[in-house]
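Grab a coffee and open the model in your viewer. Below are a few short exercises, each with a solution you can follow step by step.

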Amino acid sequence: MKLSFLACPEELKNVLSESRAILGDAVSDDGTPVSFSKSTKAGYSVTDSGDHIELSYHDIPSCCRGLLYLESVEKASTVSAERAFPAFGIMLDASRNAVPRVDTVKQVIRNAAFMGYSFVGLYMEDTMETEGEPYIGYMRGAYTRDELKELDSYAKLFGMELRPYIQTLAHMNQIVRYQEYEEITDTDDILLVGEERTKTLIEHLIAAIAGSFSTKTINIGMDEAHMAGLGKYLDKHGFRDRTAIIREHLDMVLSICEKYDLHAQMWSDMFFRLAYQGEYYVKDDAVAEKIQVPENLSLGYWDYYSTEESHYDDMLQKHLAISKDVIFAGCAWKWTGFLPHNRYSIKAGKAALSACKKNGVQDVVITCWGDDGAEASVFSVLPALFADANEAYGNCLPEAAFERLTGISFETFLAIDDGNPYIESGETHNNSSKYLLYNDPLLGIFDSLLRKDAGKKYEEAAERAKKAQSGPYAYIFESAADLAEILVMKADFGVRLKKAYKAGDRGALSNLKTEAGEILKRLETFYQAFRRQWYRENKPFGFEVQTIRLGGLMQRFRDLTEILEDYLSERTEEIPELEIEHRPFHYTDETDMATVNYNLWINTVSAGKI
């Protein structure tokens with residue numbers, strides 16, 4: 001419906017100006033008059049008085065959500081929606097090669113505001129300019145202090161926080177290549193506790209945060225430091241109780257946070273595993289041992305792996321048994337390749353957020369990780385984020401609002417998932433589009449996972465992605481369609497190649513050589529579409545990894561055509577890789593293509609060491 005604003009509050013004027021792409025032609029002098037008022041409840045209400053509409057709102061994001069509701073209906077109803085979580089946000093991963101551009105983050109902030117989120121976070125292991133540490137973020141596209149300040153100001157324009165997520169113990173894998181940091185690396189990617197240089201590094205990182213962000217909340221990470229104290233620390237100090245080692249380190253980090261007037265959150269692994277005898281997903285009847293969690297620390301329970309509310313409910317209760325200050329991190333799945341898992345994310349989010357409401361959780365973040373290269377678009381998980389916002393506000397925003405926000409219907413957008421087939425129910429997920437893309441045609445490491453109708457599934461996925469190519473996010477579906485077009489031919493290419501070779505069918509091998517040339521053309525088409533997607537959303541740094549990966553795959557197909565030509569012309573007597581009997585996929589116990597997620601490119605492309 002068309003709207004006309006009466007006495008628009010000052011705090012909304014710049015928001016409306018910045019949101020023309022979303023508001024479009026919804027605002028008009030002859031539209032239905034809308035007046036505004038403030039509310040004490042964290043949400044909004046719409047009252048239709050016949051001759052005008054009153055929109056009462058608590059903060060700017062809830063007002064934006066109310067406006068999105070009004071723009072997406074033909075006639076307004078009297079509705080009220082309260083945000084279940086005072087702090088409700090989205091976290092973007094800026095550390096797995098893809099560092100979202102400043103304008104991309106601004107677009108995320110606008111979308112988040114109109115869905116009703118109250119903050120956006122940036123996960124930066126090393127991708128922020130840090131005074132005193134010139135190799136932090138070097139050639140990695142690190143955000144400058146000015147860029148972070150610009151984004152912080154932009155978030156405040158929409159009444160939102162920009163929150164920093166960093167690491168202060170483990171997950172420091174990008175800097176251990178430099179001798180300066182290798183000397184303070186305990187083992188793997190874990191910092192060496194107790195060293196003055198370690199303390200200096202962490203203070204520099206936290207000082208950079210304090211100088212770039214206006215929020216008083218910082219997430220200090222400290223997750224998955226399972227081997228802390230067992231590398232250089234063990235050599236230097238001998239064996240010590242690892243609980244004491246990590247607690248000393250945490251106390252040091254918290255003292256620095258207090259110095260800069262920051263309240264710390266950390267992921268709950270360390271304390272939760274201590275309380276439950278080293279386990280994370282514990283039995284229902286497990287009882288926590290008494291441990292002391294610092295009072296000035298929020299524990300972040302992260303979990304993305306169930307669609308059952310009872311699972312999250314039980315885990316939240318166990319967290320609350322060791323600390324009353326518990327936050328929750330769910331996830332919009334975009335970290336296992338080029339394509340997201342919105343349907344699964346929606347089911348998991350519904351279960352998790354329902355449990356959070358039941359247990360009175362006050363701070364919830366939906367994380368958008370980008371493991372092993374961050375190939376998936378930042379915007380590919382918009383359906384999951386929209387659905388999670390509906391859960392937080394009580395499911396009152398119609399799906400037409402999603403189309404208003406994105407230019408494409410909710411159901412049509414879900415076609416982005418389909419390049420990973422067999423996941424229509426949302427009960428499971430796989431990233432076959434990645435591991436079958438990189439599955440070597442001669443080695444066939446993943447061939448045994450293939451279902452017979454996979455090619456047909458990819459053909460259907462390509463058609464759906466082509467039909468979805470409209471609106472501002474058409475480019476995402478273009479690359480998704482091009483990826484599916486490759487897999488129509490490539491998914492079972494190795495299986496057919498091995499079969500033809502063992503049967504001595506030279507005619508079939510000749511056809512496969514021709515087909516390899518066509519796959520190469522489709523790879524080149526996909527590469528260009530994916531490159532456009534990357535450069536549109538991210539800084540250029542990190543794309544060199546994609547060039548190496550996809551360029552290597554294209555070269556492999558050029559080599560393959562020569563290998564087949566040499567064999568067919570009898571210049572060679574055999575193809576050694578096809579002489580060996582191909583064994584079943586054995587990287588995990590899971591063997592069903594519908595449920596296998598294997599995201600490590602380095603182990604997918606070869607049985608050799610890279």
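**Exercise 1. Work out how enclosed helix 13 (residues 382-393) is in this predicted model, and check its length.**

Solution. Start with burial, where the cut-off is under 20% relative accessible area. Go along the helix and list what passes: Leu382, Pro383, Ala384, Leu385, Phe386, Ala387, Asp388, Ala389, Asn390, Glu391, Ala392 and Tyr393. That makes twelve of the twelve residues, so helix 13 is largely enclosed by the rest of the structure.

Next, the length. Multiply 1.5 Å by one less than the number of residues. For the twelve residues of helix 13 this gives an expected span of 16 Å, and the end C-alpha atoms are indeed 16 Å apart, so the two agree.

Last, look just past the end of the helix. Gly394 sits there with a positive phi of about 100°.

**Exercise 2. Find which residues have the most contacts inside the largest nonpolar core, then follow Tyr117 outwards.**

Solution. The largest nonpolar core has 211 residues. Inside it, Tyr44, Tyr117, Ile220 and Leu437 have the most contacts. As for who contributes, helix 20 (residues 506-537) gives the largest share of this core, ten residues.

Now pick Tyr117 and skip anything up to four places away in sequence. What remains in touch with Tyr117 is Pro61, Phe88, Gly89, Ile90, Ala112, Met160, Ile366, Leu385, Asp388 and Ala389. Leu385, Asp388 and Ala389 should ring a bell: they are among the buried residues of helix 13.

**Exercise 3. Decide how the buried residues of helix 5 (residues 145-157) are arranged around its axis.**

Solution. Check the helix itself before anything else. Its 13 residues should span 18 Å at 1.5 Å a residue, and its end C-alpha atoms are 18 Å apart, which agrees.

Then pull out the buried residues of helix 5: Glu147, Leu148, Leu151, Asp152, Tyr154 and Ala155. Look down the axis, and these buried residues fall within an arc of 165°, so they line one face of helix 5. The spacing rule helps here: an α-helix has 3.6 residues a turn, so residues three or four places apart point the same way.

What sits over the buried residues? The cover includes helix 1 (10-18), helix 4 (102-115), strand 7 (119-123), strand 8 (161-165) and helix 7 (196-212). After helix 5 comes Gly159, with a positive phi near 70°.

**Exercise 4. Compare the settings of Gln277 and Tyr422, each of which has a positive phi without being a glycine.**

Solution. Take the angles: phi is about 55° at Gln277 and about 75° at Tyr422.

Place each residue next. Gln277 is in the loop between helix 10 (269-275) and strand 13 (297-302), while Tyr422 is in the loop between helix 15 (410-413) and helix 16 (432-438).

Finally, accessibility. Gln277 comes out at 49%, so it counts as partly exposed; the exposed class needs over 50%. Tyr422, with a relative accessible area of 12%, is buried.

While you're in the loop between helix 10 and strand 13, find Lys290 as well. At 86% relative accessibility, Lys290 counts as exposed. Its C-alpha atom is separated by 9.2 Å from that of Leu274, 16 residues apart along the chain.

**Exercise 5. Describe the largest pocket, then examine Leu553 in helix 21.**

Solution. The largest pocket has a volume of about 1200 Å³. It is lined by 36 residues, and the closest to its centre are Arg96, Asp371, Asp372, Asn599 and Leu600. Two elements give two or more residues to the lining: helix 21 (543-568) and helix 23 (601-604). Helix 21 supplies the largest share, three residues.

Leu553 is also found in helix 21. With a relative accessible area of 6%, Leu553 is buried. Leaving out residues up to four places away in sequence, Leu553 touches Leu437, Tyr438, Lys490 and Leu523. You met Leu437 earlier, as one of the residues with the most contacts inside the largest nonpolar core.

Technical notes:
Residues are numbered from 1 along each chain as its sequence is written. This is a predicted model: local features need pLDDT of at least 70, side-chain atom pairs count only at pLDDT 80 or more; totals for chains, interfaces and linings use all residues. Side-chain values use heavy atoms; hydrogens and water are left out. A nonpolar core is a set of buried Ala, Val, Leu, Ile, Met, Phe, Trp, Tyr and Cys residues joined through side-chain atoms within 4.5 Å. Buried means under 20% relative accessible area, exposed over 50%, partly exposed in between (1.4 Å probe, protein chains only). Helices (H or I, at least four residues) and strands (E, at least two) are DSSP runs, numbered from the N terminus. Contact means heavy atoms within 4.5 Å. The arc is that of the directions from the helix axis to the C-beta atoms. On a 1 Å grid over the protein atoms alone, a cavity is a set of points where a 1.4 Å probe fits but cannot get out, and a pocket is an open set with protein on both sides within 12 Å along at least five of seven lines; lining residues have an atom within 4 Å of a point. Grid points are joined across faces, edges and corners, and a volume is the space filled by probe spheres set on the points.
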